[in-house]
Amino acid sequence: MNLFLHYLGLPYLLSGIGFTIEVTVLGLAGGLIVGLVLASMQLSKVGPLAAIARGYTVIFRGTPLILQLVFAYDALPHIGLKLSAIGAAGLALAANEGPFIAEILRAGVLGVDRGQLLAGQALGMTPTVLLRRVIAPQAIRTMIPALGNESVSALKNSSLASVIAVDELTLRSTQLASSTFDFFSIFFASGLMYLVLTGAIAAIQLFAETALDLDRSPSGRFARLLPWRRAGMTTNPPRAGVSLPADALPEPTPSHGHLPEGGNGRNGRNGQRT
(Lines give C-alpha, C1' and ligand atoms only; values in the text may rest on other atoms or scores of the structure.)
Protein backbone atom coordinates (compact mmCIF):
# COMPACT_ATOMS: atom_id res chain seq x y z
CA MET A 1 0.00 0.00 0.00
CA ASN A 2 2.84 2.38 0.80
CA LEU A 3 4.45 1.68 -2.58
CA PHE A 4 1.12 2.32 -4.31
CA LEU A 5 0.75 5.71 -2.61
CA HIS A 6 4.37 6.49 -3.42
CA TYR A 7 3.87 5.83 -7.14
CA LEU A 8 0.51 7.61 -7.11
CA GLY A 9 2.23 10.86 -6.17
CA LEU A 10 5.45 10.27 -8.09
CA PRO A 11 6.25 13.35 -10.23
CA TYR A 12 7.68 11.14 -12.98
CA LEU A 13 4.26 9.54 -13.53
CA LEU A 14 2.26 12.70 -12.89
CA SER A 15 4.20 14.59 -15.59
CA GLY A 16 3.24 11.87 -18.06
CA ILE A 17 -0.42 12.83 -17.59
CA GLY A 18 0.30 16.13 -19.33
CA PHE A 19 1.50 14.33 -22.48
CA THR A 20 -1.54 12.03 -22.35
CA ILE A 21 -3.91 15.00 -22.18
CA GLU A 22 -2.02 16.81 -24.95
CA VAL A 23 -2.27 13.88 -27.35
CA THR A 24 -5.96 13.38 -26.48
CA VAL A 25 -6.84 17.04 -27.04
CA LEU A 26 -4.98 17.10 -30.36
CA GLY A 27 -6.73 13.92 -31.47
CA LEU A 28 -10.22 15.09 -30.46
CA ALA A 29 -9.83 18.60 -31.89
CA GLY A 30 -8.47 17.29 -35.18
CA GLY A 31 -11.02 14.48 -35.22
CA LEU A 32 -13.85 16.98 -34.78
CA ILE A 33 -12.62 18.97 -37.77
CA VAL A 34 -12.19 15.84 -39.89
CA GLY A 35 -15.56 14.56 -38.72
CA LEU A 36 -17.34 17.78 -39.68
CA VAL A 37 -15.83 17.61 -43.16
CA LEU A 38 -16.66 13.93 -43.62
CA ALA A 39 -20.21 14.35 -42.31
CA SER A 40 -20.81 17.31 -44.63
CA MET A 41 -19.49 15.31 -47.59
CA GLN A 42 -21.70 12.33 -46.78
CA LEU A 43 -24.80 14.49 -46.27
CA SER A 44 -24.23 16.40 -49.49
CA LYS A 45 -26.09 15.47 -52.65
CA VAL A 46 -22.85 15.26 -54.64
CA GLY A 47 -22.19 11.57 -55.25
CA PRO A 48 -18.37 11.68 -55.68
CA LEU A 49 -17.92 13.60 -52.41
CA ALA A 50 -20.02 11.07 -50.51
CA ALA A 51 -18.06 8.21 -52.09
CA ILE A 52 -14.71 9.75 -51.10
CA ALA A 53 -15.88 10.26 -47.54
CA ARG A 54 -17.19 6.71 -47.35
CA GLY A 55 -13.88 5.35 -48.68
CA TYR A 56 -11.92 7.32 -46.08
CA THR A 57 -14.21 6.01 -43.36
CA VAL A 58 -13.75 2.39 -44.44
CA ILE A 59 -9.96 2.69 -44.54
CA PHE A 60 -9.39 4.39 -41.20
CA ARG A 61 -12.06 2.45 -39.32
CA GLY A 62 -10.81 -0.83 -40.75
CA THR A 63 -7.11 -0.50 -39.84
CA PRO A 64 -5.62 -0.59 -36.32
CA LEU A 65 -4.63 2.68 -34.71
CA ILE A 66 -1.17 1.36 -33.91
CA LEU A 67 -0.45 0.96 -37.65
CA GLN A 68 -1.68 4.49 -38.31
CA LEU A 69 0.65 5.79 -35.59
CA VAL A 70 3.63 4.03 -37.12
CA PHE A 71 2.67 5.29 -40.58
CA ALA A 72 2.39 8.90 -39.40
CA TYR A 73 5.72 8.74 -37.57
CA ASP A 74 7.83 6.64 -39.97
CA ALA A 75 6.23 6.84 -43.42
CA LEU A 76 5.38 10.54 -43.70
CA PRO A 77 9.04 11.66 -43.43
CA HIS A 78 9.69 9.82 -46.72
CA ILE A 79 7.46 12.36 -48.49
CA GLY A 80 9.02 15.31 -46.69
CA LEU A 81 6.54 15.62 -43.82
CA LYS A 82 8.48 15.02 -40.61
CA LEU A 83 6.56 15.45 -37.39
CA SER A 84 7.49 15.22 -33.75
CA ALA A 85 6.32 12.20 -31.78
CA ILE A 86 3.46 14.14 -30.21
CA GLY A 87 2.51 15.72 -33.54
CA ALA A 88 2.45 12.34 -35.27
CA ALA A 89 0.41 10.83 -32.44
CA GLY A 90 -2.09 13.71 -32.57
CA LEU A 91 -2.38 13.44 -36.36
CA ALA A 92 -2.90 9.68 -36.32
CA LEU A 93 -5.45 9.88 -33.50
CA ALA A 94 -7.33 12.68 -35.28
CA ALA A 95 -7.40 10.71 -38.53
CA ASN A 96 -8.69 7.68 -36.63
CA GLU A 97 -11.32 9.56 -34.59
CA GLY A 98 -12.61 11.55 -37.58
CA PRO A 99 -14.76 8.77 -39.12
CA PHE A 100 -16.31 7.84 -35.77
CA ILE A 101 -17.15 11.47 -34.97
CA ALA A 102 -18.51 11.92 -38.51
CA GLU A 103 -20.95 9.07 -37.98
CA ILE A 104 -22.07 10.60 -34.68
CA LEU A 105 -22.66 13.98 -36.33
CA ARG A 106 -24.44 12.44 -39.30
CA ALA A 107 -26.70 10.38 -37.05
CA GLY A 108 -27.59 13.47 -35.02
CA VAL A 109 -28.54 15.47 -38.10
CA LEU A 110 -30.54 12.64 -39.64
CA GLY A 111 -32.36 12.13 -36.34
CA VAL A 112 -34.09 15.52 -36.57
CA ASP A 113 -37.73 15.17 -37.57
CA ARG A 114 -38.19 15.87 -41.26
CA GLY A 115 -41.45 17.70 -40.61
CA GLN A 116 -39.66 20.35 -38.55
CA LEU A 117 -37.24 21.00 -41.40
CA LEU A 118 -40.12 21.42 -43.82
CA ALA A 119 -41.88 23.74 -41.37
CA GLY A 120 -38.76 25.88 -41.08
CA GLN A 121 -38.46 26.08 -44.85
CA ALA A 122 -42.13 27.04 -45.10
CA LEU A 123 -41.47 29.91 -42.69
CA GLY A 124 -38.78 31.20 -45.03
CA MET A 125 -35.71 30.18 -42.99
CA THR A 126 -32.44 30.14 -44.87
CA PRO A 127 -30.29 26.98 -44.60
CA THR A 128 -27.98 28.75 -42.14
CA VAL A 129 -30.83 29.86 -39.89
CA LEU A 130 -32.43 26.43 -40.19
CA LEU A 131 -29.20 24.78 -39.10
CA ARG A 132 -28.70 27.15 -36.17
CA ARG A 133 -32.27 27.34 -34.90
CA VAL A 134 -33.78 23.93 -35.73
CA ILE A 135 -31.18 21.27 -36.52
CA ALA A 136 -28.30 22.13 -34.17
CA PRO A 137 -30.31 22.46 -30.89
CA GLN A 138 -31.86 19.03 -31.36
CA ALA A 139 -28.86 17.24 -32.86
CA ILE A 140 -26.40 18.43 -30.22
CA ARG A 141 -28.52 17.07 -27.38
CA THR A 142 -28.61 13.60 -28.95
CA MET A 143 -24.88 13.64 -29.77
CA ILE A 144 -23.58 14.52 -26.29
CA PRO A 145 -23.57 10.94 -24.87
CA ALA A 146 -21.90 9.50 -27.97
CA LEU A 147 -19.29 12.27 -28.06
CA GLY A 148 -18.54 11.72 -24.38
CA ASN A 149 -18.06 8.02 -25.03
CA GLU A 150 -15.76 8.78 -27.96
CA SER A 151 -13.71 11.15 -25.81
CA VAL A 152 -13.12 8.40 -23.26
CA SER A 153 -12.07 6.04 -26.05
CA ALA A 154 -9.66 8.64 -27.43
CA LEU A 155 -8.10 9.10 -24.00
CA LYS A 156 -7.49 5.38 -23.65
CA ASN A 157 -6.28 5.06 -27.24
CA SER A 158 -3.65 7.71 -26.55
CA SER A 159 -1.76 5.07 -24.59
CA LEU A 160 -0.85 3.44 -27.93
CA ALA A 161 1.29 6.50 -28.68
CA SER A 162 3.97 4.83 -26.55
CA VAL A 163 4.93 2.74 -29.61
CA ILE A 164 6.34 5.86 -31.29
CA ALA A 165 8.15 6.98 -28.13
CA VAL A 166 5.65 9.56 -26.90
CA ASP A 167 6.62 10.05 -23.26
CA GLU A 168 3.08 9.70 -21.94
CA LEU A 169 1.73 7.93 -18.88
CA THR A 170 1.74 4.36 -20.23
CA LEU A 171 5.31 4.57 -21.52
CA ARG A 172 6.56 6.02 -18.26
CA SER A 173 4.76 3.33 -16.29
CA THR A 174 6.33 0.63 -18.46
CA GLN A 175 9.82 2.11 -18.11
CA LEU A 176 9.44 2.45 -14.34
CA ALA A 177 8.11 -1.09 -13.96
CA SER A 178 10.99 -2.47 -16.07
CA SER A 179 13.53 -0.89 -13.75
CA THR A 180 11.86 -1.70 -10.41
CA PHE A 181 9.98 -4.93 -11.30
CA ASP A 182 7.06 -3.67 -9.20
CA PHE A 183 4.49 -4.07 -11.93
CA PHE A 184 1.38 -4.32 -9.76
CA SER A 185 1.81 -1.13 -7.72
CA ILE A 186 2.95 0.95 -10.69
CA PHE A 187 0.23 -0.09 -13.10
CA PHE A 188 -2.38 0.04 -10.35
CA ALA A 189 -1.43 3.68 -9.72
CA SER A 190 -1.36 4.35 -13.48
CA GLY A 191 -4.80 2.79 -13.89
CA LEU A 192 -6.19 4.99 -11.13
CA MET A 193 -4.80 8.08 -12.89
CA TYR A 194 -6.57 7.05 -16.10
CA LEU A 195 -9.75 6.48 -14.09
CA VAL A 196 -9.58 10.02 -12.71
CA LEU A 197 -9.15 11.44 -16.22
CA THR A 198 -12.06 9.46 -17.64
CA GLY A 199 -14.15 10.44 -14.62
CA ALA A 200 -13.49 14.10 -15.41
CA ILE A 201 -14.73 13.52 -18.97
CA ALA A 202 -17.85 11.81 -17.60
CA ALA A 203 -18.49 14.79 -15.31
CA ILE A 204 -18.19 17.20 -18.24
CA GLN A 205 -20.60 15.04 -20.22
CA LEU A 206 -23.17 15.05 -17.40
CA PHE A 207 -22.85 18.82 -17.05
CA ALA A 208 -23.43 19.28 -20.79
CA GLU A 209 -26.45 16.97 -20.74
CA THR A 210 -27.95 18.85 -17.80
CA ALA A 211 -27.30 22.25 -19.37
CA LEU A 212 -28.94 21.21 -22.64
CA ASP A 213 -31.92 19.49 -21.00
CA LEU A 214 -35.06 21.40 -21.96
CA ASP A 215 -36.98 19.99 -19.00
CA ARG A 216 -34.73 21.90 -16.61
CA SER A 217 -34.65 25.65 -16.16
CA PRO A 218 -31.06 26.69 -16.93
CA SER A 219 -29.06 29.25 -15.02
CA GLY A 220 -29.24 32.69 -16.57
CA ARG A 221 -25.50 32.91 -17.08
CA PHE A 222 -25.30 29.72 -19.13
CA ALA A 223 -28.58 30.30 -20.96
CA ARG A 224 -27.22 33.46 -22.56
CA LEU A 225 -24.81 31.26 -24.55
CA LEU A 226 -27.64 29.31 -26.14
CA PRO A 227 -29.88 31.17 -28.58
CA TRP A 228 -32.83 28.81 -28.13
CA ARG A 229 -32.54 29.29 -24.35
CA ARG A 230 -32.42 33.08 -24.64
CA ALA A 231 -35.70 33.09 -26.50
CA GLY A 232 -37.30 31.00 -23.76
CA MET A 233 -36.04 33.32 -21.02
CA THR A 234 -37.70 36.37 -22.58
CA THR A 235 -41.05 34.67 -23.12
CA ASN A 236 -41.43 32.81 -19.82
CA PRO A 237 -44.04 34.34 -17.47
CA PRO A 238 -42.96 35.35 -13.96
CA ARG A 239 -42.86 32.52 -11.46
CA ALA A 240 -45.42 32.10 -8.72
CA GLY A 241 -44.68 34.13 -5.64
CA VAL A 242 -42.82 36.86 -7.51
CA SER A 243 -44.63 40.19 -7.12
CA LEU A 244 -44.50 42.91 -9.70
CA PRO A 245 -44.55 46.63 -8.95
CA ALA A 246 -47.89 48.35 -9.31
CA ASP A 247 -46.77 50.51 -12.22
CA ALA A 248 -45.68 47.39 -14.11
CA LEU A 249 -49.15 45.84 -14.06
CA PRO A 250 -51.31 46.49 -17.15
CA GLU A 251 -54.39 48.60 -16.57
CA PRO A 252 -57.69 46.77 -17.13
CA THR A 253 -59.50 47.65 -20.29
CA PRO A 254 -63.27 47.28 -20.54
CA SER A 255 -64.48 44.57 -22.81
CA HIS A 256 -67.04 45.17 -25.53
CA GLY A 257 -69.09 42.35 -24.13
CA HIS A 258 -69.19 43.79 -20.58
CA LEU A 259 -72.62 43.48 -19.06
CA PRO A 260 -74.04 45.94 -16.51
CA GLU A 261 -74.27 44.68 -12.97
CA GLY A 262 -77.40 42.65 -12.41
CA GLY A 263 -78.54 43.11 -16.01
CA ASN A 264 -77.68 39.68 -17.38
CA GLY A 265 -78.21 40.99 -20.91
CA ARG A 266 -81.63 42.59 -20.17
CA ASN A 267 -82.60 46.04 -19.00
CA GLY A 268 -83.92 46.35 -15.47
CA ARG A 269 -83.11 44.49 -12.30
CA ASN A 270 -83.30 40.75 -11.68
CA GLY A 271 -83.59 40.11 -15.40
CA GLN A 272 -86.99 41.81 -15.81
CA ARG A 273 -87.91 43.38 -19.11
CA THR A 274 -88.84 47.11 -19.19
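These exercises, each with a worked solution, concern a predicted model of a protein.

**Exercise 1. Overall make-up**

Determine how many helices and strands the protein has, and what share of its residues is buried.

Solution.
- Begin with the secondary structure: the protein has 11 helices and 0 strands. The pattern along the sequence is α-α-α-α-α-α-α-α-α-α-α.
- Next take burial: of the 274 residues in the protein, 33% are buried.
- Then take the surface: the accessible area of the protein is about 17100 Å², and carbon and sulfur atoms contribute 65% of that area.
- Last, consider contacts with a separation of 6 or more: 68% of these join residues 24 or more positions apart.

**Exercise 2. The packing of α4 and α5**

Classify the orientation of helix α4 relative to helix α5 and state which residues meet.

Solution.
- Locate the two elements: α4 covers residues 65-75 and α5 covers residues 85-110.
- Read the geometry: the helices pack at an angle of about 135°, and their axes are 8 Å apart.
- Apply the cut-offs: an angle over 145 degrees would count as roughly antiparallel, and 65 to 115 as roughly perpendicular. The angle of about 135° is in neither range, so α4 and α5 are oblique to each other.
- Add the handedness: α4 passes α5 in a right-handed crossing.
- List the residues: on the α4 side they are Leu65, Gln68, Leu69, Ala72 and Tyr73, and on the α5 side Ala85, Ala88, Ala89, Ala92, Leu93 and Asn96.
- Sort them by class: the contact of α4 with α5 holds 9 nonpolar and 2 polar residues, with no charged ones.

**Exercise 3. Two packings of α2**

Describe how helix α2 packs with α3 and with α5, giving the angle, axis separation and handedness of each pair.

Solution.
- Start with α3: helix α2 (residues 11-43) and helix α3 (residues 47-62) pack at about 135°, with axes 7 Å apart. The pair is therefore oblique, and the crossing of α2 and α3 is left-handed.
- Name the residues of this contact: α2 supplies Val34, Leu38, Met41 and Gln42, while α3 supplies Leu49, Ala50, Ile52, Ala53, Arg54, Tyr56 and Thr57. By class, the contact of α2 with α3 has 8 nonpolar, 2 polar and 1 charged residues.
- Turn to α5: helices α2 and α5 pack at about 45°, and their axes are 5 Å apart. This pair is oblique as well, and α2 passes α5 in a right-handed crossing.
- Sort that contact by class: between α2 and α5 there are 20 nonpolar, 8 polar and 4 charged residues.

**Exercise 4. Ala161 and its surroundings**

Decide whether Ala161 is buried or exposed, and identify residues that it touches.

Solution.
- Place the residue: Ala161 is in the loop between α7 and α8.
- Compare its accessibility with the cut-off: buried means under 20% relative accessible area. Ala161 has 1%, so it counts as buried.
- Find the contacts: leaving out residues up to four places away in sequence, Ala161 touches Leu69, Ala89 and Val166. Leu69 and Ala89 also take part in the contact of α4 with α5.
- Check a distant partner: Ala161 and Thr20 are 141 residues apart in sequence, and their C-alpha atoms are 8.9 Å apart.

**Exercise 5. His6 and Ser185**

Compare the placement of His6 and Ser185, then give their separation in sequence and in space.

Solution.
- Place both residues: His6 is in helix α1 (residues 2-8), and Ser185 is in helix α9 (residues 183-211).
- Classify each: His6, at 44% relative accessibility, is partly exposed, whereas Ser185, at 10%, is buried.
- Give the separation: the two are 179 residues apart in sequence and 9.1 Å apart from C-alpha to C-alpha.
- Look at what covers Ser185: beyond residues up to four places away in sequence, Ser185 touches Leu3, Phe4 and Tyr7.

**Exercise 6. Positive phi**

State where Ala165 and Phe181 lie, and what their phi angles are.

Solution.
- Recall the background: most residues other than glycine have a negative phi.
- Take Ala165: its phi is positive, about 65°. Ala165 is in the loop between α7 (127-157) and α8 (169-180), and its relative accessible area of 54% makes it exposed.
- Take Phe181: its phi is positive too, about 60°. Phe181 is in the loop between α8 and α9, and is exposed at 65% relative accessibility.

Key. Residues numbered from 1 in each chain as written. Predicted model: local features only at pLDDT ≥ 70, side-chain atom pairs only at ≥ 80, totals over all residues. Heavy atoms only, no water. Helix = DSSP H or I, 4+ residues; strand = E, 2+ residues; numbered from the N terminus. Buried < 20%, exposed > 50% of the residue type's maximum accessible area, 1.4 Å probe, protein only. Contact = heavy atoms within 4.5 Å. Areas by Shrake-Rupley, 256 points an atom, 1.4 Å probe, with all protein chains shown as cover. Axes fitted to C-alpha atoms, helices over the stretch in contact; angles between N-to-C directions. Parallel < 35°, antiparallel > 145°, perpendicular 65-115°, else oblique. Left-handed = near helix turned anticlockwise from the far one by under 90°. Nonpolar A, V, L, I, M, F, W, Y, C, P; charged D, E, K, R; others polar.
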